[in-house]
Amino acid sequence: MPIAAEPAAGADPSSSAVPEYPAWRKGVAGVLAKTRKADAAELGAEPEKLLNQSTYDGLSIAPLYTRRDELPEQPLPGAYPFVRGGDATRDVHRGWFVSARIAAGDAATANREITVGLENGLSAVELGIGAHGVPVGEIGAALDGLLFELAPLTLRAGTRTAAAAAAVYEMLDRYSAPDRAAIRVSLGAAPLTSAFAGADDLGLAETAALAVAAGRRPETVRAITVDGTVHHDAGASDAQELGAAVAAGLEYLRVLSGEMPVPEALRQLEFRFAATDDQFATLAKFRAGRRLWARVAHALGAPSEGAAPQHAVTSAAMMSRRDPWVNLLRTTLAAFGAGVGGADTVTVLPFDSALPAGELGVSASFSERMARNTQLLLLEESHLGHVHDPGAGSWYVERYTDDLATAAWEFMQEIEAAGGYRSALDSGLLATRIGETNTRREGDIAHRRTAVTGVNEFPNLAETPLSEAARTAGPGQRYGAPFEALRDRSDAYLAAHGTRPQALLVPLGTVAEHNVRVTFIANLLASGGIESINPGPLAEGDIAAAAKESGASIAVLCGTDARYGTDAAAAVEQLRGAGVGTVLLAGPEKVLAGIEEARRPDGFLAARIDAVAALTALLEKVGA
């Protein structure tokens with residue numbers, strides 16, 4: 001049973017399937033020819049493919065999807081392979097479960113947070129225990145008053161999971177409910193993925209015993225969480241996160257195979273995946289994840305047990321410490337993608353979760369309320385839960401789901417060929433492959449091919465400097481961390497000198513000539529914590545005076561290529577004569593190919609340079 005779907009019977013992959021397509025293609029060729037200053041005939045028979053974007057999994061995202069991309073219709077929600085959802089009768093008035101992490105260190109505070117959360121929109125609870133929250137002995141007090149049949153419970157207890165499970169079972173034995181199966185508890189044992197993250201957890205033998213005991217309970221208890229977020233947080237692509245999670249799930253099934261029948265073993269697993277601000281990628285990831293696990297269950301002879309629950313957690317890696325209010329938008333998009341992608345439970349991390357508590361001068365309750373209300377707005381005001389799998393039938397969504405499932409299955413097979421998840425973990429294969437992806441992503445962010453709003457694009461230098469505690473790097477990968485480290489150096493320089501590191505902008509020609517590059521350079525410098533001094537349009541005789549008045553040791557020429565040809569060399573001479581130590585030019589080096597070396601700038605700041613490296617060098621020049 002292949003992961004990749006075959007084209008629909010009778011589907012015509014050529015342009016003739018969409019009569020309007022040739023005209024659109026011709027229009028694309030005309031626009032591209034104009035922008036590339038080339039003849040349309042030079043762009044090939046399929047010029048639209050020049051607009052395709054590639055993901056870190058090598059998937060090609062087209063600019064337009066039509067009937068040419070149509071795939072067979074997937075079965076309804078609740079039917080194998082569960083692409084459209086595992087539950088055909090999910091309450092459309094509830095939608096997905098709205099969860100939050102409760103990490104208070106004492107039972108009274110934890111119980112208060114749970115009570116307030118449930119009274120204000122939460123419909124599920126994730127309780128931290130031991131090193132993650134309340135002591136095991138206080139679990140009863142922390143969960144006092146919880147209606148278990150209405151609010152699913154997830155434990156986050158690490159090495160204390162078995163003890164925490166025993167405490168919860170003791171509570172449940174005293175708890176009265178007409179339908180015990182309606183009580184849903186996830187014990188959260190995750191030894192394999194915890195090992196990847198270097199976190200303490202139960203051993204596999206203890207986990208197997210926990211699963212056996214869970215299977216005997218009258219409630220719906222799942223002992224094992226396959227936590228794909230640890231791979232995501234290390235830099236994994238979507239297919240790598242899914243493929244590694246499926247490989248880990250297979251490893252758990254092997255461990256459980258000697259303890260219980262396959263259907264029962266399948267009922268002991270649930271999956272946790274990261275949701276990002278790429279809403280369509282997130283939507284496709286959750287749909288593809290269900291398809292992958294359904295195939296595993298089918299291969300093991302239990303296809304009806306292939307709809308393992310999915311718990312979405314908004315990405316910790318995408319959260320920024322700079323301009324953190326933007327995280328409210330990131331988590332909204334992530335929750336949207338996960339919700340419409342069919343996640344059973346969604347946890348939105350507070351927008352300031354990458355910062356120490358209280359760093360922004362807002363209370364923890366405020367941050368938690370914003371995280372909770374992000375989901376409630378999507379459910380209660382936007383009514384996203386009212387439709388099962390609203391992306392179904394979209395040529396783009398279906399193709400993305402299909403391609404992602406294929407790529408993830410291939411990565412899982414690579415892990416299996418290496419001996420399985422544990423072998424791939426021990427040999428370093430898993431870390432190496434994910435590390436390669438992370439390096440590529442870091443390069444894209446450093447070169448600003450990938451934007452992190454408020455960090456490497458459109459930064460706000462006027463925001464309040466971070467405290468020393470906030471400037472200390474925390475665990476895990478965060479996409480904007482290298483730029484934020486530069487901003488940390490700028491904050492330290494500001495504290496020591498009363499001003500930020502500065503650079504003089506030297507606009508050449510009229511505003512129309514220099515405005516684009518002035519804006520580009522100001523944005524680039526600010527992403528490294530360097531403040532721009534913009535004196536406005538400068539005549540040739542005013543450049544030296546402006547340089548002396550600014551006192552800046554760095555200057556950047558900004559203008560058109562044509563203006564550089566007539567004015568750049570003289571401007572460089574004036575700036576150096578005024579004592580400016582480093583003179584740069586906004587644009588590529590080729591624009592001054594004919595200028596003698598002595599009159600050339602010291603460097604060039606073009607659109608796709610390694611901005612982290614360039615800005616690091618500039619900060620070092622000013623002693624920051």
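These are my notebook entries on the overall build, the pockets and cavities, and a few single residues of this structure.

**Entry 1. Overall build**

I am working from a predicted model. I began with the secondary structure and found 20 helices and 16 strands in the protein. Next I looked up the overall dimensions. The C-alpha trace spans about 90 × 65 × 50 Å along the principal axes. I then checked the radius of gyration, which is 28 Å; this agrees with the value near 25 Å for a compact globule, because the protein has 624 residues.

I looked up burial for the whole protein, and 51% of the 624 residues count as buried. The exposed area is about 26100 Å², with carbon and sulfur atoms supplying 54% of it. For contacts, I took pairs of residues at least 6 apart in sequence; 76% of these contacts join residues at least 24 apart.

**Entry 2. The second largest pocket**

Rolling a probe the size of a water molecule over the atoms shows where empty space is left. I went to the second largest pocket, which holds about 1000 Å³ of space. Which residues lie nearest its centre? I noted Tyr56, Asp277, Asp278, Arg441 and Thr450, out of 33 residues that line the second largest pocket. Two or more lining residues come from each of strand 1 (53-54), helix 10 (279-299), helix 11 (327-340), helix 13 (395-417) and helix 15 (429-446). Helix 15 has the largest share of this lining, at four residues. I sorted the lining by class and got 16 nonpolar, eight polar and nine charged residues.

**Entry 3. Cavities**

I turned to the closed spaces and counted three cavities of 30 Å³ or more. The largest cavity has about 120 Å³ of space. Its lining is made of 18 residues, and Arg84, Gly85, Arg90, Gly342 and His388 are the closest to the centre. By class, the lining of the largest cavity has five nonpolar, seven polar and six charged residues.

The second largest cavity has about 70 Å³ of space. Among the residues lining the second largest cavity are Leu242, Val246, Phe271, Phe273, Trp293 and Gln310. I traced the lining back to its elements: helix 8 (238-256), strand 9 (269-275) and helix 10 each supply at least two residues. Helix 10 gives the most, with four residues. The lining of the second largest cavity divides into eight nonpolar, three polar and one charged residues.

**Entry 4. Glycine 289**

I picked glycine 289 since Gly289 is among the residues lining the second largest cavity. Glycine 289 lies in helix 10. Is glycine 289 buried or exposed? I found a relative accessibility of 9%, so glycine 289 counts as buried. Setting aside neighbours within four places in sequence, I found glycine 289 in contact with Leu242 and Gln310; both of these residues also line the second largest cavity. I also looked up threonine 406, which is 117 residues from glycine 289 in sequence and 11 Å away in space, C-alpha to C-alpha.

**Entry 5. Leucine 376**

Leucine 376 sits in helix 12 (residues 364-381). With 15% relative accessibility, leucine 376 counts as buried because the cut-off is under 20%. Not counting residues up to four places away in sequence, leucine 376 touches Val98, Asn120, Gly121 and Glu381. Valine 98 is 278 residues from leucine 376 in sequence, and the C-alpha to C-alpha distance is 7.9 Å.

**Entry 6. Backbone**

Most residues other than glycine have a negative phi, and most peptide bonds are trans. I looked for departures from this.

- Tyrosine 80 and proline 81 are joined by a cis peptide bond, with omega about 10°. Proline 81 is in the loop between strand 2 (60-61) and strand 3 (97-99).
- Aspartate 389 is not a glycine, yet has a positive phi of about 50°. I placed aspartate 389 in the loop between helix 12 and helix 13. The relative accessible area of aspartate 389 is 7%, so aspartate 389 is buried.
- Arginine 448 is another residue other than glycine with a positive phi, near 60°. Arginine 448 is in the loop between helix 15 and helix 16 (481-497). At a relative accessible area of 6%, arginine 448 is buried.

Methods:
Residues numbered from 1 in each chain as written. Predicted model: local features only at pLDDT ≥ 70, side-chain atom pairs only at ≥ 80, totals over all residues. Heavy atoms only, no water. 1 Å grid on protein atoms, 1.4 Å probe; cavity = no way out; pocket = protein on both sides within 12 Å on 5 of 7 lines; lining within 4 Å. Points joined across faces, edges and corners; volume = space filled by probe spheres on them. Nonpolar A, V, L, I, M, F, W, Y, C, P; charged D, E, K, R; others polar. Rg over C-alpha atoms; globule rule 2.2 N^0.38 Å. Buried < 20%, exposed > 50% of the residue type's maximum accessible area, 1.4 Å probe, protein only. Contact = heavy atoms within 4.5 Å. Areas by Shrake-Rupley, 256 points an atom, 1.4 Å probe, with all protein chains shown as cover.
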